[in-house]
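This report looks at side-chain contacts: aromatic rings, charges placed over rings, one helix and its neighbours, and pairs of opposite charge.

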Amino acid sequence: MSFIIYPAIDMRGGKCVRLLQGDYDQETVYGDSPFDMAQQFANDGAEWIHMVDLDGAKDGKRINDAYVIRAAKELKAKVQIGGGIRTEDDIQHYLENGVARVILGSVAISNPDFAIEMIRKYGDKIAIGLDAKDGFVATHGWLTTSDVTAVEVGKRFADAGAETFIFTDIATDGMLSGPNLAAVQLMAEETGKSVIASGGVSELADLNALKALASKGVSGAIVGKAIYEGRFTVRDALSEVKN
């Protein structure tokens, strides 16, 4: 199984930002143009770009979608988007405008029947985003923690036909402390599906550690802060996991 690097662009107020552990009060702005950042990542060889509408995640509606659609239409890289996707109209809006994959997060928890219906209708164009805090699912921009575990939810959606999961361990997100390898592996083993790891990657060795789990079903890593902080480049990351 090939291991894919997903450079991340988190959008808030039309800018590229990173939050510390999902805290909207701990924001760092890294760029004024999400499209320019996406273009740079694509030029550096990224096959996929991971975009998140943080305003949308918080408010429950599409807000920064224009940047996503421009990237999807104008760049060679494939784009996946999460944040603020609550209805089938949202899904169609993105897919009809060139976005390769749409991530259902909060709505998958609040309305699982809807998410399952979308999985069955749109197949591998739908990914389920599971964000965990101490193992339990967090929703709505991580402002709310539920009483179900991420693994429980993952297994339910895997049984319903979901092929791709994006798993974020909130404790590691934006901390540059290394990914939670055990939690990522558990999610992949319990669901038996493709799991993209998000959160904590701080050095190239972290990517190798995640790639070592490819046989378990860990198919890629979302990388944000490490790139923005200059720990390594997109080219470095792609080169590291190519071998």
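In this predicted model, Tyr 30 has a relative accessibility of 21% and therefore counts as partly exposed, whereas Tyr 228, at 16%, counts as buried. A search of the whole structure gives 3 aromatic pairs. One of them joins these two tyrosines, and because the ring centres are 4.9 Å apart with the planes at 25°, the pair is stacked. The partners come from distant parts of the chain, 198 residues apart, with Tyr 30 in strand E3 (residues 23-31) and Tyr 228 in helix H10 (residues 225-228). Ring pairs also bring in Phe 41, which forms a cluster with Tyr 30 and Tyr 228.

Two arginines are placed over aromatic rings. Arg 70 lies over the face of Phe 35 at 3.6 Å from the ring centre, and Arg 101 has its charged end over the ring of Trp 48, at 4.3 Å from the centre.

Helix H6 (residues 112-122) contributes a set of buried residues, namely Pro 112, Phe 114, Ala 115, Ile 116, Met 118, Ile 119 and Tyr 122. These buried residues pack against several elements, among them helix H4 (88-95), strand E7 (126-133) and helix H7 (150-160). After H6 comes Gly 123, with a positive phi near 60°.

Side chains of opposite charge can pair when their charged atoms come close. The structure holds 13 salt bridges, including the three tabulated here.

| Acidic residue | Basic residue | Closest N and O atoms |
|---|---|---|
| Asp 10 | Arg 18 | 2.8 Å |
| Asp 90 | Arg 62 | 2.5 Å |
| Glu 190 | Lys 155 | 3.3 Å |

How buried or exposed are the residues of these pairs? Asp 10 counts as buried at 10% relative accessibility, and Arg 18, at 10%, also counts as buried. In the salt bridge between Asp 90 and Arg 62, the two residues are 28 apart along the chain, Asp 90 lying in helix H4 and Arg 62 in the loop between helix H2 (54-59) and helix H3 (65-74). Asp 90 is buried, with a relative accessible area of 7%, while Arg 62 is partly exposed at 25%. Both belong to a network of salt bridges that links Arg 62, Asp 65, Asp 89 and Asp 90.

The salt bridge of Lys 155 with Glu 190 likewise links distant parts of the chain, 35 residues apart, from helix H7 to helix H8 (residues 181-191). Lys 155 is partly exposed, with a relative accessible area of 37%, and Glu 190 counts as partly exposed at 36%.

Definitions and conventions:
Residues are numbered from 1 along each chain as its sequence is written. This is a predicted model: local features need pLDDT of at least 70, side-chain atom pairs count only at pLDDT 80 or more; totals for chains, interfaces and linings use all residues. Side-chain values use heavy atoms; hydrogens and water are left out. Rings of Phe, Tyr and Trp (its six-membered ring) pair if their centres lie within 6.5 Å; planes under 30 degrees apart count as stacked, over 60 as edge-to-face and the rest as tilted. Helices (H or I, at least four residues) and strands (E, at least two) are DSSP runs, numbered from the N terminus. Buried means under 20% relative accessible area, exposed over 50%, partly exposed in between (1.4 Å probe, protein chains only). A charge sits over a ring if NZ of Lys or CZ of Arg is within 6 Å of the ring centre and within 35 degrees of the ring normal. Contact means heavy atoms within 4.5 Å. A salt bridge is a side-chain nitrogen of Lys or Arg within 4 Å of a carboxyl oxygen of Asp or Glu.
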